[in-house]
Structure formats: structure tokens, C-alpha cells
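Please open the model in a viewer and keep the sequence panel beside it. The tour below proposes a series of selections and states what is found at each.

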Amino acid sequence: MQKWFSYPLTLVFFLCCASILLLFHPVLWLCFYVGGYEAHKRTVTVVSWLLLRCTHILGARYRFEKPYDLPMDRPLLFVANHQSFY
């Protein structure tokens, strides 16, 4: 039953993501050419946040934990095993 419920949610998810991308593409372009890099960077942050929130439609939940004390006196590199929206 859960499988059949996921099909309409996937369609809603794709429509939500596509509408955000279509809406914000001209805004990103305008911010970059009128407001400069900082305005573009802030707008990209908003778009990324909205796209992340779209995954809640599918039931995804996120939790971040920091079990280790990270050193603050040197640069760190975090590497994900892959890059994906899913």
C-alpha cells in the first residue's frame, strides 16, 4: 500500500522542484548581474534550502549529529561518498 502512495507524492515532489528551479532561475540571473556575487550567493542559499525542503514531501527527515570534537586549528575536508538529491 505504501508503494502506491509514493507514486503521487513523487509527482508532487518533481513538480515542486521544477517550479522552484523555473521560478528562481531568472531571479538568480538577475541577482548575479545586478546585485553581484554576494546577492547571487544568498539567493543560491535560499534555493538550496527550498529544494531540501521539497524532500520532506517524500517523507525524508534529516538529523545531524557531531559525535566527535573537530579540531579548529587546521583545515578540514569532508567528503561524501556520492552527490545525489535522493
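Begin with Leu77, which is located in the segment after helix 2. The model is a predicted one, and this holds for every stop that follows. With a relative accessibility of 75%, Leu77 counts as exposed. Now add Val34 to the selection and draw a distance between the two C-alpha atoms: Leu77 and Val34 are 43 residues apart along the chain, and their C-alpha atoms are separated by 33 Å.

**The whole chain**

Next, select the entire protein chain and display it as a cartoon. How many helices and how many strands are there in the protein chain? The chain has 2 helices and 0 strands. Its radius of gyration is 17 Å, well over the 12 Å that the globule rule gives for 86 residues, so the protein chain is more spread out than a compact globule. Along the principal axes, the C-alpha atoms fill a box of roughly 50 × 40 × 20 Å.

Switch to a surface representation. The protein chain exposes about 7900 Å², and carbon and sulfur atoms supply 67% of this area. Of the 86 residues, 14% count as buried. If contacts with a separation of 6 or more are considered, residues 24 or more positions apart account for 59% of them.

**Helix 2: Thr43 and Lys41**

Select residues 37–54, which form helix 2, and centre the view on Thr43, which lies within this helix. Is Thr43 buried or exposed? Its relative accessibility is 10%, and Thr43 therefore counts as buried, since the limit for that class is under 20%. Display the side chains around it: apart from neighbours within four places in sequence, Thr43 is in contact with Phe24, Val27, Leu28 and Cys31.

Remain in helix 2 and select Lys41, which also has its place there. Lys41 is partly exposed, with a relative accessible area of 43%. Extend the selection to Ser19 and draw a second distance: the C-alpha atoms of Lys41 and Ser19 are separated by 20 Å, with their positions 22 residues apart along the chain.

**Aromatic pairs**

Now show the aromatic side chains. The structure holds 3 aromatic pairs. Select Phe13 and Phe14 for one of them: the two rings form a tilted pair, 5.4 Å centre to centre, with 55 degrees between the planes. The partners differ in their accessibility class: Phe13 is buried, with a relative accessible area of 1%, whereas Phe14, at 43%, counts as partly exposed.

Move to Phe32 and Tyr33 for another pair. What is the angle between the planes of Phe32 and Tyr33? It is 80 degrees, with the ring centres 5.2 Å apart, and the pair is edge-to-face; an angle over 60 degrees is what places a pair in that class. Phe32 counts as partly exposed at 38% relative accessibility, while Tyr33 is exposed, with a relative accessible area of 56%. Add Trp29 to the selection: Trp29, Phe32 and Tyr33 form one aromatic cluster.

**The nonpolar surface patch**

Keep these three residues selected and add Leu30, Val34 and Tyr37. Together, Trp29, Leu30, Phe32, Tyr33, Val34 and Tyr37 make a nonpolar surface patch of about 730 Å². Which element supplies the largest share of the nonpolar patch? Helix 1, spanning residues 2–35, contributes 5 residues, and this is the largest share. Tyr33 is one of the residues of the patch, and its place is in helix 1. Val34, which served as an end point for the distance to Leu77, belongs to this patch as well.

**Salt bridges**

For the last stop, hide the surface and display the charged side chains. Side chains of opposite charge can pair when their charged atoms come close. The count of salt bridges comes to 2. Select Arg63 and Glu65: their side chains meet in a salt bridge, at 3.1 Å from N to O. Both partners lie on the open side of the accessibility scale, as Glu65 counts as exposed at 60% and Arg63 is exposed at 70%.

Then select Asp73 and Arg74. These residues form a salt bridge in which the closest N and O atoms are 3.5 Å apart. Asp73 counts as exposed, with a relative accessibility of 66%.

Terms used
Residues are numbered from 1 along each chain as its sequence is written. Side-chain values use heavy atoms; hydrogens and water are left out. Rings of Phe, Tyr and Trp (its six-membered ring) pair if their centres lie within 6.5 Å; planes under 30 degrees apart count as stacked, over 60 as edge-to-face and the rest as tilted. Buried means under 20% relative accessible area, exposed over 50%, partly exposed in between (1.4 Å probe, protein chains only). Patches are made of residues with over 30% relative accessible area and no salt bridge: like charges are joined within 9 Å, nonpolar side chains (Val, Leu, Ile, Met, Phe, Trp, Tyr) within 5 Å. Accessible areas come from the Shrake-Rupley method with a 1.4 Å probe; for residues, only the protein chains shown count as cover. A salt bridge is a side-chain nitrogen of Lys or Arg within 4 Å of a carboxyl oxygen of Asp or Glu. Helices (H or I, at least four residues) and strands (E, at least two) are DSSP runs, numbered from the N terminus. The radius of gyration is taken over C-alpha atoms; the globule rule is 2.2 Å times the number of residues to the power 0.38. Contact means heavy atoms within 4.5 Å.
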